[in-house]
Amino acid sequence: VHGPYTASQIEEILRTRLAKLEVFEQDAITFACKKIATFSSDIRRTLHVCRNAVQLAMREFTDLDALVDGKAPPKESPLIKVRIEHIQKSYSELYSSPIVQALKLLPTYSKLTLIALCLEVKRNNNTSAYLGQTYQRFRTMCNNAALDILNRTSFDTIIRTFAQLRIVEMRKRLNNNPGRRPKESENPTKSFPNVLEWELTVLVNRDDVANSFFDEPMFEKYASSFE
């Protein structure tokens, strides 16, 4: 089993990957590796921060096209490289915001519930999701993660807590697309067509959810759905 990466090992890997790309200042690479290694040995997190830092630098370069004193900057202006301040801002955006820190502290089942909800919202074209369908997805995800399945009452309690914390919004709506007929053991008002059911809207940014759970083993399987 491979042990945790050290800051120097992360830096070596990163420099190898970036050898042909002259987009980072050398001290920025060193800073990024040491910054991440202080709390994580996951090379993916370092790459995630660097990728976001590149986007910040690109936006800064694009801003050069804005008029300065009524004139645009010369086209031969040198490309802006990723600097330490880009790494700092990227890290802050991804991992230091209050909402990210709060989501990181959620219990395992609450995290899985929020992931299931976000996936259901995406399935519904990024609008909202219904409580019954979200619970069915949650059950499947529990099985995949080898976790005991919470009963419906406990799941509903998590959702109500999310609503109190303004993570989700709950509204009674007519569900015309339940996706399946209810089982005999289920309350038909939760999943049967044309019935009143709780409609859920996620109030937190999907990127914040992804950044909060980035290191969670259970999130790895669903990470691509958040891109």
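The following paragraphs lead through the fold of this protein chain, from its overall make-up to selected helices, loops and single residues. The model is a predicted one.

The protein chain contains ten helices and three strands. Their order along the sequence is α-α-α-α-α-α-β-α-α-β-β-α-α. The protein chain has 227 residues, and 40% of them count as buried. The accessible surface of the protein chain amounts to about 13,200 Å², and carbon and sulfur atoms contribute 53% of it. Among contacts in the protein chain with a separation of 6 or more, 64% are made by residues 24 or more positions apart.

A useful place to begin is helix H3, which runs over residues 43-62. H3 has 20 residues, and from its first C-alpha to its last it reaches 29 Å, close to the 28 Å expected at 1.5 Å a residue. Its buried residues are Ile43, Arg45, Thr46, Leu47, His48, Val49, Cys50, Asn52, Ala53, Leu56 and Ala57.

Helix H4 comprises twelve residues, 84-95. At 1.5 Å a residue H4 should span 16 Å, and its end C-alpha atoms are indeed 16 Å apart, which agrees. The buried residues in H4 are His86, Ile87, Ser90, Tyr91, Leu94 and Tyr95. Because these residues cover an arc of only 130 degrees around the axis, they lie on the same side of H4. A general property of helices is relevant here: an α-helix has 3.6 residues a turn, so residues three or four places apart point the same way.

H3 and H4 pack against each other at an angle of about 115 degrees, and their axes are 8 Å apart. The crossing in which H3 passes H4 is right-handed. On the H3 side, the residues that meet H4 include His48, Val49, Asn52, Ala53 and Leu56. On the H4 side, the residues that meet H3 include His86, Ile87, Ser90, Tyr91, Leu94 and Tyr95. These six H4 residues are also the ones listed above as buried.

Beyond H4, the chain enters a loop that leads to helix H5 (98-104), and Ser97 is found in this loop. Ser97 has a relative accessible area of 17%, so it is buried. Apart from its neighbours within four places in sequence, Ser97 is in contact with Ser92 and Asp208.

The loop between H5 and H6 holds Leu105. With a relative accessibility of 73%, Leu105 counts as exposed, because the exposed class begins over 50%. Leu105 and Phe213 are 108 residues apart in sequence, and their C-alpha atoms are 10.0 Å apart in space.

Helix H6 covers residues 108-123. Its 16 residues should span 22 Å at 1.5 Å a residue, and the end C-alpha atoms are 23 Å apart, which agrees. H6 is mostly covered, with twelve of its 16 residues buried. Among them are Leu112, Leu114, Ile115, Leu117, Cys118 and Val121, together with Lys111 and Glu120. Just after H6, Asn125 adopts a positive phi of about 65 degrees.

Some of these H6 residues reappear in the surroundings of Val202, a residue of strand S3 (residues 195-202). Val202 counts as buried at 19% relative accessibility, because the buried class lies under 20%. Leaving aside its neighbours within four places in sequence, Val202 is in contact with Leu117, Cys118, Val121, Ile167 and Val168. The C-alpha atoms of Val202 and Ser128 are separated by 7.2 Å, although the two residues are 74 residues apart along the chain.

Two further residues draw attention through their backbone angles. Most residues other than glycine have a negative phi, and most peptide bonds are trans. Ala146, however, has a positive phi near 60 degrees. Ala146 lies in the loop between helix H7 (131-144) and helix H8 (152-164), and at 72% relative accessibility it counts as exposed. Arg166 likewise has a positive phi, near 65 degrees. The place of Arg166 is in the loop between H8 and strand S2 (168-175).

Note on methods:
Residues are numbered from 1 along each chain as its sequence is written. This is a predicted model: local features need pLDDT of at least 70, side-chain atom pairs count only at pLDDT 80 or more; totals for chains, interfaces and linings use all residues. Side-chain values use heavy atoms; hydrogens and water are left out. Helices (H or I, at least four residues) and strands (E, at least two) are DSSP runs, numbered from the N terminus. Buried means under 20% relative accessible area, exposed over 50%, partly exposed in between (1.4 Å probe, protein chains only). Contact means heavy atoms within 4.5 Å. Accessible areas come from the Shrake-Rupley method with a 1.4 Å probe; for residues, only the protein chains shown count as cover. The expected span of a helix is 1.5 Å times one less than its number of residues. The arc is that of the directions from the helix axis to the C-beta atoms. Axes are lines fitted to C-alpha atoms, for helices over the stretch in contact, and angles run from 0 to 180 degrees between N-to-C directions. A crossing is left-handed if the near helix is turned anticlockwise from the far one by less than a right angle, and right-handed if clockwise.
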